[in-house]
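This report looks at one helix, its neighbours and the charged pairs around them. Please keep the sequence and the model in view while reading.

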Amino acid sequence: MAPSRDISRLIEIMTTLRTPGSGCPWDLEQNFATIAPYTIEEAYEVADAIARGDLDDLRDELGDLLLQVVFHARMAEERNAFSFGDVVEAITAKMIRRHPHVFADKDGRLTPSDVKGAWDRIKAEEKAERAARQRQDEPAHKSLLSGVKAGQPALSRAMELQRKASSVGFDWNDPRAVLHKIREEADEIEAALDRGDADELAAETGDLLFTLVNLARHVGADPDMALRGTNAKFERRFGYIERALAARGRSLEGASLAEMDALWNEAKAEEPRLSTPAETEAGHRR
């Protein structure tokens, strides 16, 4: 099968991969839930390519993201729910509907703020239409948290959920109270470890992460940016370990944990010298 610029070839490839008996065993065993993390990961890869200004990489990452759309659409088609064509039709209809100033006859010229206002109004109308299509026997409940978007990264969503709850006084007044809750959650994880319950461990770990986001909010730190900074620090210090071992003719696999820990502490001690000026400045800002 040859590559093609035609989207139909990509759809054909995915159909082949998902064909029982002759398709790919890995692709065949996937479902919406197992593929969703890859979809999020690919979206982040697109953002990273943009941040680095690497257009060649952006082309490839956009292809990876497109594959995710095709993958989900194929699984939906197998359930007779919808197809890739239905996805395309839905988004084209939405874009036409949300841009009446472009695709319909309009008098006068609209400013950017006018366009934004029209977009918000049409989105609100669409949301009302979706609500009207709900089953009549479902109780209509407007939660304070309903406005927090479900599709954003988990750390950001946790922050927004907490901010919403805080707006009506459901919050701690002191960061030290959050620290106490963190210790409580850690104790619950330890108890779950003793019981060896994997599902409970996952749930308790989620509780701890949620509480850590709460601490970040109370001390005025962005949890995502804080974690990014720690990721960069970890990469930098681990790179020191690799370089130090290589200078001694050693490999990571041949080094003991105690040896690597010692080198980690060396890297930590030399952190200001190891950091670039930009990283040091970023650290001051954090």
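A residue is called buried under 20% relative accessible area, exposed over 50%, and partly exposed in between (1.4 Å probe, protein chains only). This is a predicted model, in which local features need pLDDT of at least 70 and side-chain atom pairs count only at pLDDT 80 or more, while totals for chains, interfaces and linings use all residues. Residues are numbered from 1 along each chain as its sequence is written, and side-chain values use heavy atoms, with hydrogens and water left out.

**Helix α12**

Helices are DSSP runs (H or I, at least four residues), numbered from the N terminus. Helix α12 covers residues 257-269, 13 residues in total. From first to last C-alpha it reaches 18 Å, close to the 18 Å expected at 1.5 Å a residue. That expected span is 1.5 Å times one less than the number of residues.

Which residues of α12 are buried? They are Glu259, Met260, Leu263 and Ala267. Seen down the axis of α12, the buried residues fall within an arc of 95 degrees, so they line one face of the helix. The arc is taken from the directions from the helix axis to the C-beta atoms. On the other side of α12, Leu257, Ala258 and Ala269 are exposed.

Ala262 also lies in α12. Its relative accessibility is 39%, so Ala262 counts as partly exposed. The C-alpha atom of Ala262 is separated by 9.0 Å from that of Ile241, 21 residues apart along the chain.

**The largest nonpolar core**

A nonpolar core is a set of buried Ala, Val, Leu, Ile, Met, Phe, Trp, Tyr and Cys residues joined through side-chain atoms within 4.5 Å. The largest one has eight residues: Tyr240, Ile241, Ala244, Leu245, Ala255, Met260, Leu263 and Ala267. Helices α11 (223-247) and α12 are the elements that give two or more residues to this core. The largest share, four residues, comes from α11. In soluble globular proteins, nonpolar side chains tend to be buried together.

**Salt bridges**

A salt bridge is a side-chain nitrogen of Lys or Arg within 4 Å of a carboxyl oxygen of Asp or Glu. The whole structure holds 20 of them. Three are tabulated here.

| Pair | Closest N to O |
|---|---|
| Arg18 and Glu78 | 2.6 Å |
| Glu160 and Arg163 | 2.7 Å |
| Glu259 and Arg250 | 2.8 Å |

Where does Arg18 lie? Arg18 is in the loop between α1 (7-17) and α2 (25-28), and Glu78 is in helix α4 (residues 55-78), so the pair ties together parts that are 60 residues apart in sequence. Arg18 is buried at 9% relative accessibility. Glu78 is partly exposed at 33%. Arg18 and Glu78 also belong to a network of salt bridges with Arg74 and Glu77.

Glu160 and Arg163 both lie in helix α8, three residues apart, about one turn of the helix. Glu160 is partly exposed at 28% relative accessibility. Arg163 is partly exposed too, at 44%.

The third pair returns to α12, where Glu259 is among the buried residues. Glu259 has a relative accessible area of 19%. Its partner Arg250 is partly exposed, with 34%.
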